[in-house]
Each structure stands twice: as C-alpha cells, then as structure tokens.
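Trainee: I would like to go through this model with you step by step, and I will ask for the reasoning behind each answer.

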Amino acid sequence: MTQMNLVQAINSGLRDALQEDDNVLVMGEDVGRLGGVFRVTQGLQEEFGADRVLDTPLSETGILGTAIGMALHGLRPVSEIQFADFIYPGFDQLVSEAAKYRYRTAGEFHVPMVVRTPYGGGIRGGQYHSQSPEALFIHTAGLKVVCPSNPYDAKGLLLEAIRDEDPVLFLEPKRVYRAVKMDVPDTPYTVPLGEAKVVRPGEQVTCVAWGAMLYEAFTAAEEVAKQGIDVEVIDLRTLWPLNIDAIVSSVEKTGRVVIVHEAPRTCGFGSELVALITERAFLNLEAPPVRVTGWDTPFPLTHEREYLPLAHRIAPALLDTARY
Amino acid sequence: MHVIRDDGSLDPTRDPGLSIDEVVALYKAMVRTRIVDDRLEKIQRQGRIAFHVGSLGEEAAIIGAAGALRDRDWIVPCYREVGALLWRGYPLQQYVDHMYGNADDPLLGRQMPDHTFSRAHRYLSVSAPIGTQIPHAVGVAMAAKKRGLDECVGVFFGDGATSSNDFHAAMNFAGVYQAPVLFLCRNNGYAISLPAEQQTATRTMAEKAAAYRVPAARVDGNDVLAVWRAVRDGVQRAADGGGPTFIELMTYRLGGHSTSDDPRIYRSEEETDSWRKADPMLRLRKHIEQRGVWNDDLDGDWRAVCDGEVKECVRRAEEKPAPALVEMFTDVYEEQPWHLREQQAQCIDGPRATAEEDES
C-alpha cells in the first residue's frame, strides 16, 4: 500500500499492465519523454522503452485509428487523448470503427482498446480544456464508458478496462487529479466495470454523481445533513453499461433523486437517468427527479464556478427535493 | 509502369517473371470476379438484392495486388475489392449469402451488401465512411513489426480517399514508424461523380507520398503484371525493413460508383468507350493466347464454369431464410448488458413489422 493521488494511481495501473502483458502498449501525444502533460505516464517510457510507450504525432485520428489496427492484430493499446475536448477529430474512429467492429464482423474481430482522457472543468481551462463529452459516447452502441472518482477505483477500473475485450473510454477527472490521496495497493487488482458504489448511505434523497462532481455531491450532502436531511450519495464509477439496479433500489428507498453532472443539461446523461428512474420507480417517487448540471452554453472561463454544478447549487436542490 | 504491351508481348526489362500457370490463374480470377459482378448487378436490377458495388474495369488492380501479397500479409479493403477476397479462397457461396443478408450471411444481415471480412483470409472489415480503414492498416502493420512478424499490410482506397483526414494521418504515422504497409490507391478517375482532377490540385496522387517521405510508384493499374510487380517490390521493401510504399494504380471505373449511381449524368459515353479499349482483360488475354495456353474454347469453358457457379450460389442463397431476429442484439459487446437483454425481449415479444412491398 502506498498513499497515492489519482495521477499516481493511474500511473501505477499502467505500469502493472505493461508489466503483466507484453501486448499492452501506451500511446499518445507527449506521453513518452514528457510523461504526459499531466505526468500521468511519467517514467513509463524510461522503464518500458519507446516501442511500448509511444510518443505519437499530433493527430487524434491517427492515434485512435492506428490503435484500432493494433487491437485488431491482438495488441491491447491504451491511448491517451490529451484533453477530452480534443477527442472530436478521432470521434469517427471511436464511434464508427472501434465501437462497431465486433458487431459488423459478428464477433470475428474485436477491438480491445482503452482510451484514457482527462475531462471536466474547474482548472481554469476555458472552452477547450474543460468539456465533459460522456453522453456522446454513452449514446454509442459498442462503447463502454468509465469515470472513476478516486485513486483506488481509478487503478482497479483501469486494469479491468485494459483486460476487457471491448473498447473502453476512460474519463479521468482532472480537477481532482491531485486533490485526493488514499491507500492504493502497489500490486495489480481490479474493480469490476458496471458496479456503482454507495459512498454515503442515507434515507431521504438519492444523489447520483461521478468523477469530480462526486466530491461536490458529498459536500452538499454533509451540508444539508446539518439541516436534518439524510442524503444517500451514489458514485456511478462506470457510466455505461449502467448499474441501474443500484440506482433504482436507492430511489425505491428514498423516493427522491438529484442527479449531478458537469456536462450541459439537454440530452446529458442525467436525462437518460431521469427517464430510467421514472420508468422503473414511478410509483416510489415522492418528488420530480432533479438535474443539477452545467448550463447549455459552451464552457466559460471567468465564471466557471457558476457554470459547474458545485455544492452551492447541489445543496439547495437536495433541500428542495427533500421538502417537495 | 507497363509490363504487358498493347500487342500482348511483355517488356522483358520489367517482366516480374511469373510462371505461365500463375499468369493464367490471375486471368481466370479476373474473369471470375467480373462474371460474379455482372450477375450481382443483374439481380440487383431485378430487385433481388438491395445493392452492389462492383469492380468493372479495375480487376487487374485488385487481383494483381492480391496476387503479389503473400498469404501471411493482411488485406485491408475499401469496398470494391471482393475479388481479392475470392482470390484468397473465400467461398463464393458465403459472399452471395452475404449479398442476400440471409441466415448464412457471416454478417447476419447487419450490413449493406459488399461489407465483407474474413479473419481466416486476413481480410479486415469493409467500412463505408471513406478512408477510415487506412490508419487501421498502419496499426496492424505497426503491431506486426512490434511483434517481430514478417507480415505486411496492403490497404486499398480510392482517389477520393486521399482527401480524407484519415489518409493523411495514416501516411504520416506510417512514415514516422516505418510501418510495413502498402498504400494501394486505386485511381479509377472518379469519386462517385467528382473527377480525380478536381479532387486535388496535385498532378498525381503518388506525389502526395513525398510529403510523408513514403516511397511511391505509379503504375498502369490495368496491367496485371505491372501491378503485381509494383506490389511485390513494396512487399519486399517492407519485409526488408524499408517501411511503407505508396502505389498509385491508374485505372478506370467502367461501371457506376454502385448500383445506385448513374454515371451518364457526369461523364460521356465517348470517355467510357475509350477506356473500354483499355480493359485489363483484353491485354492479358492477348498475352496468354500468344503464349499458346489460352484460346476461345478455354475462355468460353471458363466463363461457363464461373457463370454456372454464381447462378447456383444465387439459387441457394435465395432459398435460405433470414437470420434470426435475436442476432440483431448480439455482438454489440462481448457479453450482453442488461439494457440490450431488455430491449431484445421487448423486440422479440413485441409486434412484427409488415414486410416491405415486393418491388420485383
């Protein structure tokens, strides 16, 4: 066990994966000599060589397209897209190619690859270093989408994603890259995909969050607890395939739900969650499901703390929902 | 580069030195591909299949390249190269079943016709968006190189694909990583309606390779031996650790872009007629006749064999039922998640759509 932050835990996971399987390789812009712009891949090229930790040319299409080819040949590439905001030039490769290869070859070929990318705001990154594009990929049949909130889950989910036979988009909450430290095993272990976790049990309102906003949901829950409102906070961990049962059983208990995400509200993942909850727990609901989200604008710089669904916006939503 | 002269003789300075049996095999494969094309086009016109994208006039470029690649090399197709897959021994029945989307379609009716693949034949999957397969080919080549395997990759694409971002990304990666890949650009004159001259300001497609420091050749794509030689030279370069090669195969699409196209709207009959005289089959046939191994009788017999074979495949394909409805829901992921299990049950237990009206 070592005290690690998210960056160190992901680095440790990549090191374990490179050690345990010769077919694993890490590739992306600046991931080698520099160790990545966030230093997530620091030291890996030194340890494993430039043919296993590849500094690639600056092309997301090239990174994702060649990674697909490598995966088709039997390698297990872990690519980094430097910021989730830069993933769109490679969108076609992820959505039309990686996600569809198994289906369109009836399982004869498949693409076991992981795409790591830092997402989200709160780092003064403005429009192009702050986005949360998860809904686009959840909407894509054939992709899995993972978003850890803490170092232990990050390493375990990453190792599970690398062993998974389907393409996985691994969203890293860069706002909390270095904010949290916890004990993380130095040896390999996995956290299964598709399992949410109740991080704060409660009886009156369910609050669903993931990634960096989990901490805001938790803070807001603690705040309203002082006013006698008992909130259950669920960390989704894997966004798709979704652990729907965990959410529904919580809502069956509380009858009230608040969903928090950074991405814009309209057609955000919260919309799907509200629909699923309404379909499955309609008769348990005591209040309308509420979404606390980013606004339907491009991501701003100066007012990013008013754009993000931070605790100051979550707490009133929890109170209103509890008292509805 | 040409090898077969107009009179059917070979240029001895460029002759790749194939045995006469090998040359006849290439010719027979070209004829078979064309007969399959003709039959599929006819049955599409009769409304019996939805669509076909053929290779009329481009058989030498496709079969010549496939012939020069070794069995262990990978083929990454665009969508007009089923001739290469058949050359590798893919069962014709399986292809025709795919064209019908029936229960024996390896794709289980999930794709339009002509979206073939085969792991056994080292032939990746056809994807309709243009150019997306080119970086895959480079990735396969990078993987083979990393694993120390003597394998290279031939990736087909058309003149239009040289405008796609995937093409440029792939060329750049291939140059940087010295990937053992052959970029096989079938310049057939048109990207649907857009002439190659309007696709790019460069004089040739091959000169684009210089920007990525990829060696390039430009050959007569209607001369099967010229294609064979250029591709085999590229295979040799790749096998020797010399990295990628770009080959522009100059040819002409004698047919429409697909059965959904009407080329009369954008090009003249005179132009197409002039290219009919350069049909790759004519020169090659002249050559093997000169060598004394082919004649009208043999030609007629072979055509009859091919025609009989494809008709029989069509007959069988039409007798087969549709794939099971449940197959619409499998292979999205390795294991079926809850939401697909649920939707599968909703679909299967739900109401059935009425059949489309029979247009034939």
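Mentor: One definition first: the expected span of a helix is 1.5 Å times one less than its number of residues. Bear in mind also that this is a predicted model.

Trainee: With that rule, how many ångströms should helix 3 of chain A span, and why do its end C-alpha atoms agree with this?

Mentor: Helix 3 of chain A has 14 residues, and the expectation rests on 1.5 Å a residue. The end C-alpha atoms of this helix are 20 Å apart, which agrees with the expected span of 20 Å.

Trainee: How many residues of helix 3 of chain A are buried?

Mentor: A residue counts as buried if 20 or more other C-beta atoms lie within 10 Å of its own. Helix 3 of chain A, residues 60–73, lies across strand 2, strand 4 and strand 5 of chain A, running at about 170 degrees to strand 4. The helix is mostly covered, and the number of its residues that are buried is 14 of 14.

Trainee: Which strands of the open sheet in chain A stand at the edges?

Mentor: The sheet has 7 strands in the order 3-2-4-5-7-6-12, with mixed pairing. A strand at the edge has a single partner strand, so one side of it is left without a neighbour in the sheet, and this applies to strand 3 (53–55) and strand 12 (238–240) of chain A.

Trainee: Within this sheet, what is the bridge partner of Val115(A) in strand 7 of chain A?

Mentor: Strand 5, residues 114–119, and strand 7, residues 168–173, of chain A pair in the parallel sense over 6 bridges. In strand 7 of chain A, the partner of Val115(A) is Leu169(A).

Trainee: Which residue does a cis peptide bond join to Trp240(A)?

Mentor: The loop to look at lies between strand 12 and helix 9 (244–254) of chain A. Omega is about 0 degrees for the cis peptide bond, and the residue joined to Trp240(A) is Pro241(A).

Trainee: Turning to chain B, is Asp331(B) buried or exposed?

Mentor: Asp331(B) is found in the loop between helix 11 (296–319) and helix 12 (338–349) of chain B, and its phi is near 65 degrees, a positive value in a residue other than glycine. Because 22 other C-beta atoms lie within 10 Å, Asp331(B) is buried.

Trainee: And how is Ile192(B) classed, with 14 other C-beta atoms within 10 Å?

Mentor: Ile192(B) has its place in the loop between strand 4 (190–191) and strand 5 (194–195) of chain B, and its phi is positive, near 45 degrees. With 14 other C-beta atoms within 10 Å, Ile192(B) is partly exposed.

Notes
Residues numbered from 1 in each chain as written. Chains lettered and ligands numbered in written order. Predicted model: local features only at pLDDT ≥ 70, side-chain atom pairs only at ≥ 80, totals over all residues. Pairing = 2+ DSSP bridges. Helix = DSSP H or I, 4+ residues; strand = E, 2+ residues; numbered from the N terminus. Contact = placed C-beta atoms within 7 Å. Axes fitted to C-alpha atoms, helices over the stretch in contact; angles between N-to-C directions. Buried ≥ 20, exposed ≤ 12 C-beta atoms within 10 Å, placed from the backbone.
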